[in-house]
Amino acid sequence: MKNSKLLSAYLCFCLFLFCSKLAAQVPVREEPHHKVVLENEYVRLIDVHIASHDTTLTHIHAAPSVIVFLSKTTIGTQIVGDKPVISDVNPGQTSYAAYDEKPIKHRVWNQSTSMFHVMDIELVKQHPNKDTCSIISQPDIQFKWLQKLVRVYNLDISKGKQYHLPKSNCAHLLIDISGIITTASSGSIRSVQAGGYVYFAPQSTIEISGSNKADSECVLLELK
C-alpha cells in the first residue's frame with residue numbers, strides 16, 4: 001500500500017513537470033514580450049520589447065519571418081537543446097528565417113542596459129501573386145535581399161526629400177528605423193517616428209516625405 005502511494009505521488013510529480021514544460025513553450029504570439037500589432041492576409045507583425053536583463057519564455061516560431069532590429073543591443077538566444085549564442089544587433093539590420101521549413105523553440109534575453117526592440121514579421125500568405133512587382137529603382141532606395149514572399153529595401157531619406165512609389169500588385173510595409181517621416185496614401189496622411197510602421201495595401205499610391213529637421217532611415221518590405 002505504501003509503495004502504491006509513493007508510485008502515485010511520483011507519477012503525479014512527473015506529470016506536473018511535463019505540463020510545466022509544455023506551458024513554458026508557447027506559440028510566439030502568446031509570449032508576453034511579443035505583441036501582435038498588425039495582422040492581415042500578408043503579414044502578422046509582432047512587436048517585441050525585452051527590458052534590460054529580462055528573458056522571454058521559451059517560445060515557438062513556425063512561420064517564415066522577416067526580422068527587423070530597431071535597437072543597438074547585445075542579446076542572447078538559446079534554441080532548446082543547443083548552447084546559448086550571444087550577438088550584437090543594430091538598428092536597421094534585417095534577416096530572414098525560414099521557420100516554416102525548420103520551426104524552432106528558443107528563448108531570448110537582453111544583456112544590454114537599455115530596451116531591446118525588434119519586429120518579427122511573419123509572412124502568412126501561402127503563395128505569391130502571379131503578377132510580379134518590378135524592383136523599385138530610385139535614388140536612396142537600396143534593394144537588400146529577396147525571398148519567395150518578400151523583397152526588402154533600405155531607404156535613406158534625406159532631410160525634406162520626398163519619394164513617390166507607383167501603384168503595384170504588391171502590398172508594402174514601411175518601418176521607421178530613425179527620424180520622423182510623413183506618409184500619404186489614398187487620402188490618409190500619417191506621421192511616423194522611429195519604431196513605427198505603416199501598411200499599404202496593393203494598388204496604393206505611396207508618398208514618403210522626410211522631416212525638414214533631420215535625415216531618416218526606413219526599411220521597406222514589398223509583399224508579394
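## Terms and overview

Two strands count as paired if DSSP finds at least two bridges between them. That rule underlies the hairpin of strand 15 and strand 16, which has 2 residues between its strands.

The model is predicted. The protein chain holds 1 helix and 19 strands. Of its 224 residues, 43% count as buried. Contacts reach across the sequence: among those with a separation of 6 or more, 73% join residues 24 or more positions apart.

## The strand 15 hairpin

Strand 15 covers residues 181–185, and strand 16 covers residues 188–192. The two pair in the antiparallel sense over 5 bridges. S185 stands opposite S188 in strand 16. S186 lies in the loop between strand 15 and strand 16. Its phi is near 50°, a positive value in a residue other than glycine. Most residues other than glycine have a negative phi. S186 counts as exposed because its relative accessible area is 69%, and the exposed class begins over 50%.

Strand 15 has a second partner. Strand 18 (residues 206–210) pairs with strand 15 in the antiparallel sense over 4 bridges. Here the bridge partner of T182 is S209 in strand 18. Strand 15 also has two faces: I181, T183 and S185 are on the covered one, while T182 and A184 are on the uncovered one.

## The five-stranded open sheet

An open sheet is formed by 5 strands in the order 1-4-9-6-7. Its pairing is mixed. In general, strands of a sheet pair through backbone hydrogen bonds, either parallel or antiparallel.

Strand 1 (26–27) and strand 7 are the edge strands, and each pairs on one side only. Strand 6 and strand 7 run antiparallel and are joined by 5 bridges. One contact point between them can be named: D88 in strand 7 is the bridge partner of T74.

## The nonpolar cores

The largest nonpolar core has 21 residues. V66, I121, V150, I175, L221 and L223 touch the most other members. Several strands each supply at least two residues of this core: strand 3 (43–50), strand 5 (65–69), strand 10 (116–123), strand 12 (150–157), strand 14 (171–178) and strand 19 (216–223). Strand 14 gives the most, with 4 residues. Apart from this core lies another, of 16 residues, among them I136, L155, I208 and L220.

What does V66 contact, leaving aside its neighbours within four places in sequence? The partners are S95, Y96, M119, D120, I121, L123, W145, V150, V152 and L221. Of these, I121, V150 and L221 are also listed with V66 among the core residues that touch the most other members.

## The largest pocket

The largest pocket has a volume of about 420 Å³. It is lined by 23 residues, and the closest to its centre are I67, F69, T77, Y99 and H106. By class, the lining has 15 nonpolar, 7 polar and 1 charged residues.

Which strands each supply at least two residues of the lining? They are strand 3, strand 4 (59–61), strand 5, strand 6 (73–79), strand 7 (85–89), strand 8 (94–97), strand 9 (104–110) and strand 10. Strand 3, strand 5 and strand 10 also each supply at least two residues of the largest nonpolar core.

## Two more residues to inspect

K35 sits in strand 2 (residues 34–39). Is K35 buried or exposed? K35 counts as exposed because its relative accessibility is 58%, and the cut-off for exposed is over 50%. K35 still has partners: not counting residues up to four places away in sequence, K35 touches L45, I46 and D47. The C-alpha atoms of K35 and I46 are 5.3 Å apart, although the two residues are 11 apart in sequence.

D140 is placed in the loop between strand 10 and strand 11 (141–147). Its phi is near 75°, a positive value in a residue other than glycine. D140 has a relative accessible area of 29%, so D140 is partly exposed.

How values were computed: Residues are numbered from 1 along each chain as its sequence is written. This is a predicted model: local features need pLDDT of at least 70, side-chain atom pairs count only at pLDDT 80 or more; totals for chains, interfaces and linings use all residues. Side-chain values use heavy atoms; hydrogens and water are left out. A nonpolar core is a set of buried Ala, Val, Leu, Ile, Met, Phe, Trp, Tyr and Cys residues joined through side-chain atoms within 4.5 Å. Buried means under 20% relative accessible area, exposed over 50%, partly exposed in between (1.4 Å probe, protein chains only). Contact means heavy atoms within 4.5 Å. On a 1 Å grid over the protein atoms alone, a cavity is a set of points where a 1.4 Å probe fits but cannot get out, and a pocket is an open set with protein on both sides within 12 Å along at least five of seven lines; lining residues have an atom within 4 Å of a point. Grid points are joined across faces, edges and corners, and a volume is the space filled by probe spheres set on the points. Ala, Val, Leu, Ile, Met, Phe, Trp, Tyr, Cys and Pro count as nonpolar, Asp, Glu, Lys and Arg as charged, and the others, Gly among them, as polar.
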